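Q: Please take a close look at one part of this protein chain. I should like a connected account of a single sheet, of what packs on it, and of how its surroundings fit into the rest of the chain.

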Amino acid sequence: MPRSPVGRETDRVDGRLKVTGAAEYSGDYLAPNLAHAHLVTSTIARGKVTGFDTAAALASPGVLHVHTAPNNPLRLYETTGQAAAFSENYIPLKTDVVHFHGQAIAMVVAETPEQARDAAALVTATYEVQQPRTSVTDEPRVPAGPTISGAPSSLNILAPGVGSIDAALAASDVVVEAEFHQNVQHHAAMEPHAVLAVWEGDDRVTLHAGAQIPAAYALGMAQRLGVPAPNVRLITKYVGGGFGARVVLWSDTPLAAAAARELGRPVRLVLTREQMFTLTGHRSHLTQTVRLGASRDGVLNALSHRSVAERPTTMSFTMTPAHSMSDALYRTPNLHVDAQLAVLDIPGSRAMRGPNEAPGGFALETAMDELAVATGVDPVELRLRNYAATSPSTNLPWSSKHLDECYRVGAERFGWADRSATPRARVDGQWLYGTGMATAIYPAARRAGFAVGIRLREDDTAVVSTGVSDLGTGGGTVVAISGADALGIPMQRITPEIGDTYLPPGAPAVGSSNTHATVPLVVDAARNVIAELKRVAVTANRSPWQGAEVSDLRYERGILHGLGRSMTFGRLLAAIGSPGIYMESSPLGAPIPGVVHHSFGAHFCEVRVNRFTGEARITRFTTVADVGRVINAKAARSQLVGGVIFGIGHALLEENHLELATGRLANSTLADYLVPVNADIPDIDVHMLDRPDPLLTGPLGDGTEEVGTASLGARGLGEIGTVGSAAAVGNAVYNATGIRVHNVPITPDKLI
Ligand code: MOS
């Protein structure tokens with residue numbers, strides 16, 4: 001009898017393929033007669049291209065074509081409706097307008113990648129330059145408008161008789177006010193964006209490209225290319241990191257596909273690492289102001305969180321950093337959240353891991369630490385005193401919330417009780433030691449409109465298919481685990497089939513929602529395919545149950561039982577000569593009303609700061625997460641560790657300097673844009689509470705069902721490790737040094 005794999009430490013189904021180089025990423029695919037493209041990017045941030053000199057490029061070896069705008073229009077079109085929300089609002093290489101520094105303005109196509117790259121370096125442009133608008137602090141602001149999920153970007157909830165948030169703050173015994181600024185950050189995914197486009201005729205194309213929302217990406221591509229949506233097939237089987245950079249349809253894939261159609265040959269385009277910094281998005285630079293008003297014993301009376309982020313002119317939608325953290329975390333009678341945007345001539349920005357919550361959480365959880373200092377209340381105790389039993393913005397209860405347990409278990413594991421609340425109290429030679437903590441919260445958005453198919457085969461194996469992409473998260477392994485549990489057969493007999501828009505439409509790999517969007521569909525597809533198996537069993541010729549009633553049969557762990565006989569599904573299918581039976585999930589039922597869904601966590605950090613150099617080193621880190629049911633303990637831990645590392649990068653290392661005068665992102669290389677490496681990271685202690693959330697995914701079942709439901713009750717956990725972890729670092733730095741840094745990253749110069 002197979003034990004359910006749910007909750008165990010499971011190796012990734014594709015782990016060996018990845019580490020041995022056998023897994024093919026988008027840039028690894030070949031096609032007969034392949035040509036290669038390379039982009040030329042703008043060296044001004046705002047204005048027009050007045051002319052190109054392409055003579056040298058055209059004369060260089062192997063060059064097939066040099067595309068420049070507007071003389072050489074490719075057949076590319078606007079995106080509309082849903083696809084417009086997931087793409088840029090200009091058509092690449094269509095006009096002479098330059099919207100940002102680093103925009104694609106020309107494209108060379110040649111026989112080899114090296115020839116294309118060399119020739120691209122020979123293309124020069126002349127410009128008519130305008131002064132770019134670049135600063136979120138200086139430019140006029142516009143209200144952010146509703147978030148992409150439809151939530152308001154501004155809230156003003158006041159207790160009866162209170163005239164304004166300012167009045168509520170003024171009436172508070174203790175007030176903390178802090179302003180935060182952070183520069184541009186990047187996803188810096190390991191795999192560069194790459195695309196291979198192969199046309200059949202003039203209106204049917206297969207693309208290999210990394211995408212987090214494959215169905216929306218393919219739809220956007222169909223619109224960009226002016227072909228019917230079903231004619232675009234996107235294969236996105238292996239992806240080397242998403243983090244939000246592969247949500248939007250940027251300019252690279254449309255340009256490569258259009259070039260391939262013009263040329264009548266397959267074309268591959270791989271961005272350089274430097275091009276990734278301007279052509280595939282970033283986290284907005286932004287300012288935030290948090291004001292907290294509380295009683296002397298730290299009970300909140302007022303919370304105000306304002307933010308100003310960027311809205312690049314090429315993006316119709318961007319993120320609102322005050323959100324999903326300050327309107328969800330603490331009980332307060334007066335709550336004010338306001339997100340504004342400054343329209344800027346800078347590269348497109350969009351979601352980056354915890355897009356609203358990571359920067360919002362740094363600000364709010366730093367301010368809460370300042371309130372702890374101001375009131376003399378322990379930071380954990382302060383958070384428990386302000387614990388919200390219902391959502392502060394909607395007053396609805398949570399489907400599942402065990403944040404108090406995260407605080408308690410985390411404090412215990414970390415040894416929080418041993419700390420000194422006094423800054424600079426612990427010294428070891430040239431190092432100052434300190435500890436800090438912070439909270440994590442991330443919404444668990446329910447997503448509908450997707451499907452999973454299961455095929456039972458005559459060799460007693462099953463294929464579980466859905467178009468979802470696995471960004472390196474282990475999402476494909478979750479499909480296999482959930483399928484094995486649902487069908488009650490060993491994982492070795494499950495083949496997950498993902499990453500292709502010709503499969504049933506897969507849930508988006510965004511917003512930490514893929515797991516809880518996909519798992520209920522796997523369970524439902526298993527229910528449907530078991531029902532179909534029974535139907536076939538009582539109707540098929542050569543079935544021992546032909547003519548029996550479906551109710552005579554019971555499915556258990558891959559075997560049909562009934563009327564004194566038992567047979568595996570494979571043997572039944574072989575007996576009746578069926579090549580296999582296939583069923584898809586039914587559409588998801590309506591959400592359970594009256595509850596809200598979030599994941600939660602608590603971070604505890606110990607840091608040492610060199611008294612002479614200002615260098616901060618993380619020495620210990622504990623994260624306790626409330627993420628619903630844990631499906632793969634190994635991959636879940638990795639996700640949380642990776643999330644925390646993102647937070648440590650946010651706190652200590654990551655920023656791209658946006659030159660305000662030129663709009664250039666000045667350190668757009670991995671030598672200058674620093675991300676943490678192993679030497680920066682200690683062994684991170686991760687603990688998951690493993691408390692299922694059935695109101696999010698559907699009832700867990702009572703063990704009498706024929707289908708296994710152990711994978712229900714999970715919530716996605718791609719972002720929860722990132723939210724709040726930067727604040728835990730900053731709060732530890734304060735405890736170590738007595739220096740409060742509001743402008744991340746906390747570089748050595750800020751600590752001496
Ligand atoms: Mo995420 S920032 O929703 O890819």
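A: The account below begins with the sheet and then moves outward to the helices, the core and the domains. The model is a predicted one.

The sheet is open and consists of four strands, which follow one another in the order E21-E20-E19-E25 with mixed pairing. Its edges are formed by strand E21 (494-497) and strand E25 (581-584); each of these has a single partner strand, so one side of each is left without a neighbour in the sheet. Ignoring direction, the average turn between neighbouring strands of this sheet is 15°. Within the sheet, strand E19 (residues 453-456) pairs with strand E20 (residues 462-465) in the antiparallel sense, and four bridges join the two. Arg455 has Val463 of E20 standing opposite.

Two helices may be described against this sheet. Helix H12 (residues 475-487) packs on the sheet and touches E19, E20 and E21. The direction of H12 makes about 140° with that of E21. Helix H13 lies across E19, E20 and E25, and H13 runs at about 140° to E25.

H13 also leads to the nonpolar interior. The largest nonpolar core has 223 residues, and helix H13 (residues 514-539) gives the most to this core, namely 11 residues. Domain 1 (396-445 + 593-751) and domain 2 (447-584) both contribute residues to the core, so it lies between them. The residues with the most contacts inside the core are Met107, Val108, Ala197 and Val729. For Ala197, once neighbours within four places in sequence are set aside, the contacts are Val205, Leu207, Ala256, Ala257, Ala260, Pro266 and Val267. As a general point, nonpolar side chains tend to be buried together in soluble globular proteins.

The wider setting is given by the domain assignment, which divides part of the protein chain into domain 1 (396-445 + 593-751) and domain 2 (447-584). The centres of domain 1 and domain 2, taken over C-alpha atoms, are separated by 37 Å. The contact draws 25 residues from domain 1 and 25 residues from domain 2. On the side of domain 1 that touches domain 2, helix H15 (633-652) and helix H16 (694-697) each supply at least two residues. By class, that side of domain 1 comprises 12 nonpolar, 10 polar and three charged residues.

Conventions. Residues are numbered from 1 along each chain as its sequence is written. This is a predicted model: local features need pLDDT of at least 70, side-chain atom pairs count only at pLDDT 80 or more; totals for chains, interfaces and linings use all residues. Domain bounds come from an automatic or database domain assignment. Two residues are in contact if their C-beta atoms, placed from the backbone, lie within 7 Å. Ala, Val, Leu, Ile, Met, Phe, Trp, Tyr, Cys and Pro count as nonpolar, Asp, Glu, Lys and Arg as charged, and the others, Gly among them, as polar. A nonpolar core is a set of buried Ala, Val, Leu, Ile, Met, Phe, Trp, Tyr and Cys residues joined through C-beta atoms within 7 Å. A residue is buried if 20 or more other C-beta atoms lie within 10 Å of its own, exposed if 12 or fewer, and partly exposed in between; C-beta atoms are placed from the backbone. Two strands pair if DSSP finds at least two bridges between them. Axes are lines fitted to C-alpha atoms, for helices over the stretch in contact, and angles run from 0 to 180 degrees between N-to-C directions.
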